[in-house]
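Reader: I have a model open on my screen and would love a close look at one part of it. Could you walk me through a pair of packed helices?

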Amino acid sequence: MSTQLYHLQQEHLARLQRDYATLLEEHRLDCLAIYSGHANAFFGDDQTPTFQTYGHFMHWVPLADLQHSWLVIRPHQRPQLYLYAPTDFWHLPTQLPEEPWVAEFDVHLCSDKRQPTLEGHAAFIGDIAQLPTASQHAQLNPTSLVHRLDELRITKSAYEIACLREANRLAMAGHEAAQAAFIGASGELDIQLAYLAGSRQRESAVPYQNIIGLNDHAGVLHYQHYDLSPPKQRHSLLVDAGRRFRGYCADITRTHAGPDAPALFGELVSALHTLKDELVGGVVSGADFVALHEQMHHQLGDILVSHDLFQGSVDQGVAEGVTRAFCPHGLGHSLGLQVHDVAGLRQPDGSSAPPPNAHPALRLTRKLEPNMVVTIEPGLYFIPMLLAPLRQQGLPINWTLVDHCLPCGGIRIEDNIVVTDKGPTNLTP
């Protein structure tokens with residue numbers, strides 16, 4: 001790992017020390033204990049699902065799979081890391097890396113699952129519902145404090161942006177491997193395995209379940225299976241897949257037209273790339289993300305009209321819900337330690353900012369600020385259940401062309417963007 005990254009991480013931790021001290025003093029707290037969390041076994045079983053460290057813990061400690069551990073923060077004191085590391089021969093005990101950030105903490109290796117004892121006015125945050133509290137007087141997940149901590153994660157430090165950049169680089173290597181496997185006529189499972197090999201990760205480490213959809217499966221927004229055998233015809237491939245780096249997530253989507261796709265579908269893939277690039281240009285400080293989402297619908301309407309899929313006007317296509325039927329999801333979301341990162345649906349003061357009624361799937365409703373990181377992912381899908389009401393309404397849609405594209409499923413293109421004072425910085429190479 002580079003010396004520069006370590007230096008940025010030390011600056012990041014120093015910033016957290018200052019910000020946490022301010023917030024704890026504002027909330028009249030002497031200390032805060034952050035629980036890393038733990039996985040619970042499936043009902044009636046001794047196996048557990050894949051675990052992910054609580055985001056506010058990971059904001060300090062760059063380990064995405066750390067269970068039964070605690071971080072105790074006191075204003076103007078060194079953070080105390082209680083690391084669960086039992087002596088064990090069934091599993092490899094937890095070990096901290098030999099990296100400079102470790103020296104910023106007082107590390108306590110714990111052989112049992114203990115909770116720290118907190119003095120004075122204290123609070124616990126994290127998934128602590130099943131744990132006995134160390135103090136009956138401690139506050140548990142106080143809403144106002146958690147909202148303020150969420151707000152600290154909306155804008156990213158230089159260290160966090162460097163981690164997100166590297167996560168993108170690794171993820172794109174996986175996307176290139178997936179595309180090569182598709183060209184080689186692989187099925188969904190083999191494309192998934194190629195992605196994992198190309199991005200150098202095991203399946204349990206991905207930040208979200210990879211979506212690998214061939215043909216009409218590309219029209220299932222969160223398609224959750226991998227067919228074992230390749231299809232007889234290759235119309236399309238949609239890969240929505242990411243990578244973690246030191247806890248930070250890449251979330252990238254690419255769509256490819258196959259050799260059996262109609263020419264129109266390939267033209268639409270190119271049009272969506274152009275649309276994505278135009279929308280990325282609008283990712284500037286002060287921009288309203290809801291307005292960007294609405295801009296996507298107008299430009300998507302223009303694509304539908306210019307390719308003769310919709311034979312009315314762009315304004316009609318937006319007003320009548322045609323563009324929403326072709327793209328039912330939001331333009332993007334905040335990105336960081338979580339793929340759908342915290343505080344996207346809140347104002348800076350912590351008040352709720354729900355999505356507009358016309359766009360219920362939108363996950364980000366804020367105005368953009370410098371050093372926010374967001375995804376931009378326009379889509380265009382051929383989903384029979386969403387298009388069926390439009391057929392019944394008799395809207396001027398070219399159903400011959402729509403039916404021609406149905407076997408292709410859909411298109412989604414997604415990049416990860418940093419908001420800066422000088423304009424957008426695209427982390428997705």
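Reader: Within what distance do the axes of helix 4 and helix 5 come, and at what angle do they cross?

Author: Happy to help! This is a predicted model, in which local features need pLDDT of at least 70 and side-chain atom pairs count only at pLDDT 80 or more, while totals for chains, interfaces and linings use all residues. Residues are numbered from 1 along each chain as its sequence is written, and side-chain values use heavy atoms, leaving out hydrogens and water.

Let's begin with helix 4, residues 158-183; helices here are DSSP runs of H or I with at least four residues, numbered from the N terminus. Its 26 residues should span 38 Å at 1.5 Å a residue (the expected span is 1.5 Å times one less than the number of residues), and the end C-alpha atoms are indeed 38 Å apart, which agrees. Just after helix 4, Ala185 has a positive phi of about 70 degrees.

Now for your question: the axes of helix 4 and helix 5 (residues 188-199) come within 7 Å and cross at roughly 145 degrees. Axes are lines fitted to C-alpha atoms over the stretch in contact, with angles from 0 to 180 degrees between N-to-C directions. The crossing is right-handed, meaning that the near helix is turned clockwise from the far one by less than a right angle.

In the contact (heavy atoms within 4.5 Å), helix 4 contributes residues including Leu170, Gly174, His175 and Phe182, and helix 5 residues including Ile191, Tyr195 and Ser199. The contact residues divide into 10 nonpolar, four polar and no charged. Here Ala, Val, Leu, Ile, Met, Phe, Trp, Tyr, Cys and Pro count as nonpolar, Asp, Glu, Lys and Arg as charged, and the others, Gly among them, as polar.

Key. Helix = DSSP H or I, 4+ residues; strand = E, 2+ residues; numbered from the N terminus.
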